[in-house]
Amino acid sequence: MADAVGKTAEDCGVVIQDDWPGYSLDLFSYPAHYSGDLDCVYIPHGVIMDRTERLARNIMDDLGDSAIVVLCVLKGGYQFSADLVEGIKALSRNSARTIPMRVHFIRLKSYQNDQSTEDLQIVGAEDLSFLFGKNVLIVEAIVDTGKTMKMLLKHVETFRPKMIKVAGLLVKRVPHSVACLPDYIGFEIPNRFVVGYALDYNEYFRDLDHICVISESGKRKYKI
Ligand code: IMP
């Protein structure tokens, strides 16, 4: 993880500006069971895939030939992890450099409705001592305030891996971020609550391919 000072354009990922209205829902296909629940398509699935392909290449350029343990942060990170791992596998198949990978999962919970709770939990915390001396790539779908990532990094560091890198598909521009930025960033987005591509609102919308902005009526419908 890096701090926010001295960032280059490549470090920030694709920057989506505050005034980006997203695409009209009528321009894309999405499941009919979510009609009325979304405001717009914020990042279409194809763009996510294209950006992920490039992140896989950046990871290959930096880490090619070293074995890594991919630590996928569930639940939101499962789709990004799967696609990123696919991208790295494709590069490993087609070039002289390869990255031998192990994939492991860790489940965190910190959100209810669209609010972060103070109560960050590692669900079913297990012994990660096999990380000792390994190169670890943590893969997370979204970094908001950065509190979750900070806690996870502290936890992973206790197992004394050789190296830790973080890939985050989305990083939000928020006023009170703890200024820990992933090493590999897909998109920097405004401070809006987004769903889809495995990101949820109270467990809904994981079955949506595009990253979308939830509507106010969607929030009311799935509120707990
Ligand atoms: P942080 O600790 O504030 O950085 O929050 C990170 C976690 O909050 C992520 O792992 C997600 O589970 C959740 N989260 C934050 N923003 C969003 C969002 O816009 N959509 C869905 N989940 C989010």
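Is aspartate 65 buried or exposed? Aspartate 65 is exposed, with a relative accessible area of 52%, and I should say at the outset that this value, like everything else I will show, comes from a predicted model.

Let me stay with that residue for a moment. The side chain of aspartate 65 meets the side chain of arginine 97 in a salt bridge, with 3.7 Å from N to O. Aspartate 65 sits in the loop between α2 (45-63) and β3 (68-74), while arginine 97 sits in the loop between α3 (78-94) and β4, so the pair ties together parts that are 32 residues apart in sequence. Arginine 97, for its part, counts as partly exposed, at 33% relative accessibility.

By the rule used here, the model has 10 salt bridges in total, and another of them joins arginine 173 and aspartate 18, whose side chains meet at 2.8 Å, N to O. Because arginine 173 belongs to the loop between β7 (163-172) and β8 (184-189) and aspartate 18 to the loop between β1 (14-15) and β2 (38-43), this pair ties together parts that are 155 residues apart in sequence. Aspartate 18 is exposed, at 57% relative accessible area, whereas arginine 173 is partly exposed, at 27%.

Arginine 173 also forms a salt bridge with glutamate 188, where the closest N and O atoms are again 2.8 Å apart. Here the pair ties together parts that are 15 residues apart in sequence, because glutamate 188 lies in strand β8 and arginine 173 in the loop between β7 and β8. Glutamate 188 counts as buried, since its relative accessibility is 11%, and the cut-off for that word is under 20%. Elsewhere, salt bridges that share partners join Lys75, Asp200, Glu203 and Arg206 into one network.

Now to the ligand, which 16 residues surround, the closest being Asp144, Thr145, Gly146, Thr148 and Val194. Those surrounding residues divide into 6 nonpolar, 4 polar and 6 charged. In terms of elements, β4 (101-112), β6 (135-143) and α4 (147-157) each supply at least two residues of the shell, and the largest share, 3 residues, comes from β6.

Several polar atoms of the protein lie beside oxygen atoms of the ligand: a polar side-chain atom of threonine 145 at 2.5 Å, a backbone N or O atom of glycine 146 at 2.8 Å, and a side-chain N or O atom of lysine 172 at 2.9 Å. Taken on its own, the ligand has 490 Å² of accessible area, and the protein covers 91% of that.

Technical notes
Residues numbered from 1 in each chain as written. Predicted model: local features only at pLDDT ≥ 70, side-chain atom pairs only at ≥ 80, totals over all residues. Heavy atoms only, no water. Near = heavy atom within 4 Å. Polar contact = N/O pair within 3.5 Å; in protein donor to acceptor, adjacent residues only side chain to side chain. Areas by Shrake-Rupley, 256 points an atom, 1.4 Å probe, with all protein chains shown as cover. Helix = DSSP H or I, 4+ residues; strand = E, 2+ residues; numbered from the N terminus. Nonpolar A, V, L, I, M, F, W, Y, C, P; charged D, E, K, R; others polar. Salt bridge = Lys/Arg side-chain N within 4 Å of Asp/Glu carboxyl O. Buried < 20%, exposed > 50% of the residue type's maximum accessible area, 1.4 Å probe, protein only.
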